[in-house]
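Welcome to a short set of worked exercises. Keep your viewer open, try each task on your own, and then compare notes with the solution below it.

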Amino acid sequence: MKTVLIIGMGKFGRRLCENMLNLGNEVMIIDENEEALEDLVPLATSSKIGDCTNVEVLKSLGLGNFDIVFVCISENFQSSLEVTSLVKELGAKYVISKADRDIHAKFLLRNGADEVVYPDRDIADKLARRCSIDNVFDYIELTEGYAIYEIPVKKNWIGKSILDVNFRKKYNVNILGIKNKEKTKLMPGADYVFGEEDHLMVMGHQDIIRELV
C-alpha cells in the first residue's frame, strides 16, 4: 500500500484515483473545483478544495508524507508546470506529471517531475501496434521492438504439447502463460497440451510475432 496525492480531478485524475483506491492505496485528492470532487469524496481517503498554484495550499497538504504526488492538470500547462515545480521544492518524494506533448514533458522533467506520462499517446501507440498485427488480442510493450502479446493457438498445435511443437527453439519466442475460459496458467511446463480455446501470452520481437500469427 502507498500513500498518494492526486492533484487535478479531470478524466485522467479521476480514473487514476479510482484505480489506486481499488488497489488498496491511501489516496488524497485535491481540485479547485468542488464539483469535480463531489462523487469521489466518499471514496477517497481524504479530499480538499484548493488552488495548488498557491504555495500556502500546497504547504498545508504535508507533501513529504506522500509516497507519490501525481500532477494531473491538463487544461492549463502553465499551471501544471508551476505545480510540478512547487511540489518538488516543498518536499514531495516522487512526482509524476501528465503531459500531452513532448515539449511539455521536457519542461516538466526540468522543473521537478521525476516521471512524465502521456496517457493519450500511450493508448494510441498501443492500439496502433496491436491492430497492425492480425490475431493479437492484447499487447504490452517492454522495450523497443519487444513486447508481450496475447495470441491464439494455431490449428496445427492443437492436441500437441509445448515440447512436441518445440516452441522456444522453432519460433524463438517464450510462452509466459496460457489463458482459456477456465483459468490462466503461468509458466506452463513443456508437457502442456494446447487446447482449441487457448490464448498464449508470449514474449518476443514484433517481427517474429507478426510472422508467427
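**Exercise 1. Register between two strands**

Task: Find which residue of strand 3 is the bridge partner of Met-28.

Solution: One reminder before we start is that this is a predicted model. The bridge from Met-28 leads to Ser-46 in strand 3. Stepping back to the whole pair, strand 2 and strand 3 are joined by 4 bridges in the parallel sense. Now turn to strand 1 (residues 3–7), which runs parallel to strand 2 and is linked to it by 5 bridges. Here Ile-6 has Ile-29 of strand 2 as its bridge partner. To finish, check the covering of strand 2 (residues 26–31): 5 of its 6 residues are buried.

**Exercise 2. The sheet as a whole**

Task: Work out the order in which the 6 strands of the open sheet are arranged, and how they pair.

Solution: Reading across the open sheet, the order is 3-2-1-4-5-6, with parallel pairing. Strand 3 and strand 6 (115–117) are the edge strands, since each pairs on one side only. From one strand to the next, the twist averages 15 degrees. As background, strands in a sheet pair through backbone hydrogen bonds, in either a parallel or an antiparallel manner.

**Exercise 3. A lysine in strand 3**

Task: Decide whether Lys-48 counts as buried, partly exposed or exposed.

Solution: Start by locating Lys-48, which sits in strand 3 (residues 46–49). Its relative accessibility is 29%, so Lys-48 counts as partly exposed. Next, list its contacts, leaving out residues up to four places away in sequence: Lys-48 touches Met-28, Ile-29, Ile-30, Asp-31, Leu-37, Val-57, Ser-60 and Leu-61. For one of these, Ile-29, there is also a distance to check: the two residues are 19 apart along the chain, and their C-alpha atoms are separated by 6.5 Å.

**Exercise 4. Two helices side by side**

Task: Determine how the axes of helix 4 and helix 5 are arranged relative to each other.

Solution: The axes of helix 4 (residues 77–89) and helix 5 (residues 102–110) come within 9 Å and cross at roughly 25 degrees. Angles under 35 degrees count as roughly parallel, so helix 4 is roughly parallel to helix 5. The crossing is right-handed. At the contact, Phe-77, Ser-80, Leu-81 and Thr-84 of helix 4 meet His-104, Phe-107 and Leu-108 of helix 5. Sorted by type, these contact residues give 4 nonpolar, 3 polar and no charged. Helix 5 also lies across strand 5 (95–98) and strand 6, and runs at about 155 degrees to strand 6.

**Exercise 5. A valine and a serine**

Task: Say whether Val-87 is buried or exposed, and do the same for Ser-161.

Solution: Val-87 belongs to helix 4. With 0% relative accessibility, Val-87 counts as buried. Beyond four places in sequence, Val-87 touches Ile-7, Leu-58, Leu-63, Val-69, Val-71, Ala-92 and Val-95. Val-71 is 16 residues from Val-87 in sequence, and the C-alpha atoms of the two are 9.1 Å apart.

Ser-161 lies in the loop between strand 8 (146–152) and helix 7 (162–165). Its relative accessible area is 8%, and therefore Ser-161 is buried. Again leaving out residues up to four places away in sequence, Ser-161 touches Ala-190, Asp-191, Tyr-192, Val-193 and Phe-194.

Note on methods:
Residues are numbered from 1 along each chain as its sequence is written. This is a predicted model: local features need pLDDT of at least 70, side-chain atom pairs count only at pLDDT 80 or more; totals for chains, interfaces and linings use all residues. Side-chain values use heavy atoms; hydrogens and water are left out. Axes are lines fitted to C-alpha atoms, for helices over the stretch in contact, and angles run from 0 to 180 degrees between N-to-C directions. Angles under 35 degrees count as roughly parallel, over 145 as roughly antiparallel, 65 to 115 as roughly perpendicular and the rest as oblique. A crossing is left-handed if the near helix is turned anticlockwise from the far one by less than a right angle, and right-handed if clockwise. Contact means heavy atoms within 4.5 Å. Ala, Val, Leu, Ile, Met, Phe, Trp, Tyr, Cys and Pro count as nonpolar, Asp, Glu, Lys and Arg as charged, and the others, Gly among them, as polar. Buried means under 20% relative accessible area, exposed over 50%, partly exposed in between (1.4 Å probe, protein chains only). Two strands pair if DSSP finds at least two bridges between them.
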